[in-house]
Amino acid sequence: MRFTKIPEDTFKNLQLNAGVLLSDFDTTKEESEKEILEAIIGATSGGTNFAATPTYSDYGEDIDNCPTNVKELKKLDGWEVKMSGSFISVDTKMTKRLVGAADVDTSDETKIVPRNDVKTSDFEDIWWVGDYSDENDDDTGGYVAIHMMNSLSTGGFSIQSNNRAKGTFAFEFTGHYTLENQDQVPFEVYIKEGTGTDGADGGDEEP
């Protein structure tokens, strides 16, 4: 069975569990459990789907005798960046985020009022962070983190209630470019291996 193999480090390179959606995440330091809990946007059901899809143009398609998909004539027009899934927890802040173009009523904080216009304040960054590698049990655990910039709820607000079950709130967030930095694609990905409780990647504790 020469080719019926898997890499020896396979388990070190697996993304595990459903992950969490966070309002903020700092990749420059080890986030504490408290910091992560405080940043969780809401509880999800069924996991989260992230997709970053590029759109390309073939500049040679209208040139006589030019083959299709010549690499030197391939141009990237832009990216469509989406995060989707279902929340099972909801509060006022969550509902405002899901509605998208909306405000919390200043005279009644239990009321969310939709708008017919979009404000800059409606766009917020979102992080999806999931466990990664075989070292993932403590503050030095590994993670896969996806940072979606300038996200806006483009899937609208909906609730699916079920008999003798929890209601679910479907979401779809879209990342957006900004005029301030038009070359920045609205997502980035971080993959960090866990270092274990001893703080040394793959090493043993010194005596």
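Two helices and nine strands: that is the secondary structure of this chain. Keep in mind that this is a predicted model. Read from the N terminus, the elements go β-α-β-β-α-β-β-β-β-β-β.

Now the overall form. The radius of gyration is 21 Å, and the globule rule gives 17 Å for 207 residues, so the chain is more spread out than a compact globule. The C-alpha trace spans about 70 × 65 × 40 Å along its principal axes. How much of the chain is buried? Of the 207 residues, 26% count as buried. The accessible surface is about 13700 Å², and carbon and sulfur atoms hold 48% of that.

Next, contacts along the sequence. Take the contacts between residues at least 6 apart. Of these, 64% join residues at least 24 apart.

A word on charge. The chain has 18 positive and 41 negative charges. The mean positions of the two sets are 6 Å apart.

On to the inside. In soluble globular proteins, nonpolar side chains tend to be buried together. Here, the largest nonpolar core has 17 residues. Which residues have the most contacts inside this core? They are Leu21, Met83, Phe87, Leu98, Phe171 and Phe173. Several elements feed the core. Helix H2 supplies at least two residues, and so does each of the strands E3 (74–87), E6 (124–132), E7 (142–153) and E8 (169–175).

Look at Phe171 on your screens. Leave out its neighbours within four places in sequence. Phe171 then touches Leu21, Met83, Phe87 and Leu98, among others. Its contacts also include Thr44, Thr48, Ser84, Gly85 and Ser86. There is a second, separate core too. That one has seven residues, including Ala39, Val129, Tyr143 and Ala145.

Now an arginine. Arg97 sits in helix H2, residues 92–99. Is Arg97 buried or exposed? Its relative accessibility is 10%, and the cut-off for buried is under 20%, so Arg97 counts as buried. What is around Arg97? Again, set aside neighbours within four places in sequence. Arg97 is in contact with Glu124, Asp125 and Ile126, among others. Ser23, Ile41, Ser153 and Phe173 are also in contact with Arg97. Phe173 came up a moment ago, as one of the residues with the most contacts inside the largest core.

Compare that with Glu38, in helix H1, residues 33–39. Glu38 has 60% relative accessibility and counts as exposed. Its C-alpha atom is 8.6 Å from that of Leu22, which lies 16 residues away along the chain.

Last, two asparagines with a backbone feature to check. Asn65 has a positive phi of about 70°, although it is not a glycine. Where is Asn65? It lies in the loop between strand E2 (44–58) and E3. At 81% relative accessibility, Asn65 counts as exposed.

Asn150 also has a positive phi, of about 50°, and is not a glycine either. This residue lies in strand E7. With a relative accessible area of 21%, Asn150 is partly exposed.

To recap. The chain is more spread out than a compact globule. It holds a largest nonpolar core of 17 residues and a second, separate one of seven. Arg97 counts as buried, and Glu38 counts as exposed.

Technical notes
Residues numbered from 1 in each chain as written. Predicted model: local features only at pLDDT ≥ 70, side-chain atom pairs only at ≥ 80, totals over all residues. Heavy atoms only, no water. Helix = DSSP H or I, 4+ residues; strand = E, 2+ residues; numbered from the N terminus. Buried < 20%, exposed > 50% of the residue type's maximum accessible area, 1.4 Å probe, protein only. Contact = heavy atoms within 4.5 Å. Core = buried A, V, L, I, M, F, W, Y, C linked by side-chain atoms within 4.5 Å. Rg over C-alpha atoms; globule rule 2.2 N^0.38 Å. Areas by Shrake-Rupley, 256 points an atom, 1.4 Å probe, with all protein chains shown as cover. Lys, Arg positive; Asp, Glu negative; His and termini not counted. Charge placed at Lys NZ, Arg CZ, Asp CG, Glu CD.
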